[in-house]
Amino acid sequence: MADSSDLPKWYTPQRFLCLFCAMSLLNYMDRGLIAASVIKDGIQNITDPPMDETQFFFLPSVFMVGMMIASPIFASCTRTVSYFRLLSIGLSVWALATAGCAIAWNYSSMMVFRTLVGVGEASFCSVAAPCIDGVAPPGRKSTWLAIFFMMTPVGTAFGYVYGGVMWAVFKSWRACFLIEGILMIPFVVFCAIAKPVKLGQQSVEEAPEGTAEEEDGLSRSNRSNSTGMLQDMATQDQAGQANREETMALMEEEGPKESVMASMWGDTKCLLTNPVFMLGAIGYIFFSMTMGVVINAGPTAGKALFPDFQHHTGLPVDVAFGLLTIITGVVGTCSGGLLLDRLGSSMQMAFIVCAVAGFIGYFLLVITFQMPTEIPFMLVLLIAELSTFATVGPITSGYMWSVPAERRPMACAMITILIHAFGDVPSPPIAGFGADTLRKKMHYNRRDSWRTIITLSMLGVGMSSLLWGVCAIVAGKARDYGKVVEEDRTDSDEGEVNAQSTHRGGNLTHRRLHSGGAEEPLLSQS
């Protein structure tokens, strides 16, 4: 860890986590906002005639395209540029682009601005999870990552609620996007001027100094005791030293001054040939296919299934979906992280938790959209989302712990590309196209078309749970880099403690020499 003198005054691990959670909340609030049914209706009317379901659901897709293009570039830049500077650049693009959505005058302009929003968010997606993993206390990493990723469902749900409330107040969907952009400005300024926190493990060169001089000052009578202490310290640090040297060797494979493109290509090759990472990623793709449909089309489908939802429940469908997702997102995501830490924070256990929780979620989601009335629908959906969101923290821990620490920004970028390119980018427009086709060519009514589409989309969660189960088996025979980092840190901490003890022993020996060699216990004073 960085020396305390290198840390900025504003920094504590808890504040660092809160800062990233707040930025994540705004990012995902934007995703929920555009999916809110009242905002969707307003955006569809900027064209004449109004855009259909297929056209509208391309807007979330082009957002993901911008993110996919920019994510690996930002990830590669983390080796040479401060992550706070990257965040200030990316989030400034995000703020300007969301404000641009407020002035979009046609379908093409809205697509351009939504693409730029994705470019801006790419900086955050590439560095956030590795940063949280870098500052989280040992033994609580899964919980901290779960708290951070809790902002995904909470922010999305808050976007539903925010859109409904702002529409009621201003009667304008444009004001919602403009206010979003303004709210991001303080974070852009902070990231531009704040001193970054040094992340990562203590290097070999940062080992405590002075032990050699203190060893030379030991008296002959106590040399054997002190030598034993130094041997113990060396033995305890041996495993950590080996791990650090191996990690440093991996970092030196491409050379100290390799270009961004060379770094990107080298990291990409390693990730694509990592079986645990790729199996976990393919499972995550199927999971994202379902989540893309549920997040972007859930309120629309709920409104189609239950036209009198507000009359029977007292809440608009957007607000009800939002509140339910906030509750299940907080409880489910935190529960998944806590469960993983309790069972043992290992790569294999992370995928076991994902497989079990994903299967339960799949079974309940299929039942949910067969419910005939609003109240049973919401109750079963609550339990299904609790189980589904329990996978969010463990899956992130699993794929990050499958690679060395220096490759984790690129791992996050690669996951972003894969799950969006093959998951939640194509699935919403495909769902919209499917609903349109069922109504126009097969003469389904609006309710039955959306019930069919949503039910079919749930197969993605079932496939993901199956693949994560296979991944857990493979992970049992692969190297767990999460454990390597923790062992490294533990050994470094023990080395510092032993060095301080040796330092105290050396001082006491010097005092005995100067006082005429009076007999005293080696560590009788602190």
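**Exercise 1. The span of helix α4**

How many residues does helix α4 have, and what distance does it reach from its first C-alpha to its last?

*Solution.* The model is predicted.
Step 1. Helix α4 covers residues 58–77 and has 20 residues.
Step 2. From its first C-alpha to its last, α4 reaches 29 Å.
Step 3. The expected value, at 1.5 Å a residue, is 28 Å, and the span in the model is close to it.

**Exercise 2. Geometry and surroundings of α4**

Determine where α4 has a kink, and explain why α4 can be described as largely enclosed.

*Solution.*
Step 1. The kink lies at Ala-70 and amounts to about 30°.
Step 2. In sequence, Ala-70 comes shortly before the proline Pro-72.
Step 3. A residue counts as buried when its relative accessible area is under 20%.
Step 4. Of the 20 residues of α4, 16 are buried, so the helix is largely enclosed by the rest of the structure.

**Exercise 3. The protein as a whole**

Describe the secondary structure, the burial, the contacts and the accessible surface of the protein.

*Solution.*
Step 1. The protein contains 23 helices and zero strands.
Step 2. It has 526 residues, of which 56% are buried.
Step 3. Consider contacts between residues at least 6 apart in sequence: 81% of these join residues at least 24 apart.
Step 4. The accessible surface comes to about 22400 Å², and carbon and sulfur atoms account for 66% of that area.

**Exercise 4. Two buried residues with hydroxyl-bearing names to compare by position**

State the helix, the burial and the contacts of Thr-98 and of Ser-449.

*Solution.*
Step 1. Thr-98 belongs to helix α5, residues 83–101. With a relative accessible area of 0%, Thr-98 is buried.
Step 2. Leaving aside residues up to four places away in sequence, Thr-98 touches Asp-30, Val-117, Phe-177, Leu-178, Glu-180 and Gly-181.
Step 3. Ser-449 is part of helix α21, residues 446–457. Its relative accessible area is 0%, and Ser-449 is therefore buried.
Step 4. With the corresponding sequence neighbours left out, up to four places away, Ser-449 touches Ala-435, Leu-438, Arg-439 and Tyr-444.

**Exercise 5. A nonpolar surface patch**

Identify the residues of the nonpolar patch on the surface, and decide whether Ile-193 is buried or exposed.

*Solution.*
Step 1. The patch is formed by Leu-178, Ile-182, Ile-185, Val-189 and Ile-193.
Step 2. Together these residues have about 470 Å² of accessible area.
Step 3. Ile-193 is located in helix α9, which comprises residues 173–193.
Step 4. The cut-off for an exposed residue is over 50% relative accessible area. Ile-193 has 67% and is therefore exposed.
Step 5. Leu-178, a member of this patch, is also among the residues that Thr-98 touches.

How values were computed. Residues are numbered from 1 along each chain as its sequence is written. This is a predicted model: local features need pLDDT of at least 70, side-chain atom pairs count only at pLDDT 80 or more; totals for chains, interfaces and linings use all residues. Side-chain values use heavy atoms; hydrogens and water are left out. Patches are made of residues with over 30% relative accessible area and no salt bridge: like charges are joined within 9 Å, nonpolar side chains (Val, Leu, Ile, Met, Phe, Trp, Tyr) within 5 Å. Accessible areas come from the Shrake-Rupley method with a 1.4 Å probe; for residues, only the protein chains shown count as cover. A salt bridge is a side-chain nitrogen of Lys or Arg within 4 Å of a carboxyl oxygen of Asp or Glu. Helices (H or I, at least four residues) and strands (E, at least two) are DSSP runs, numbered from the N terminus. Buried means under 20% relative accessible area, exposed over 50%, partly exposed in between (1.4 Å probe, protein chains only). Contact means heavy atoms within 4.5 Å. The expected span of a helix is 1.5 Å times one less than its number of residues. The bend at a residue is the angle between axes fitted to the seven residues ending there and the seven starting there.
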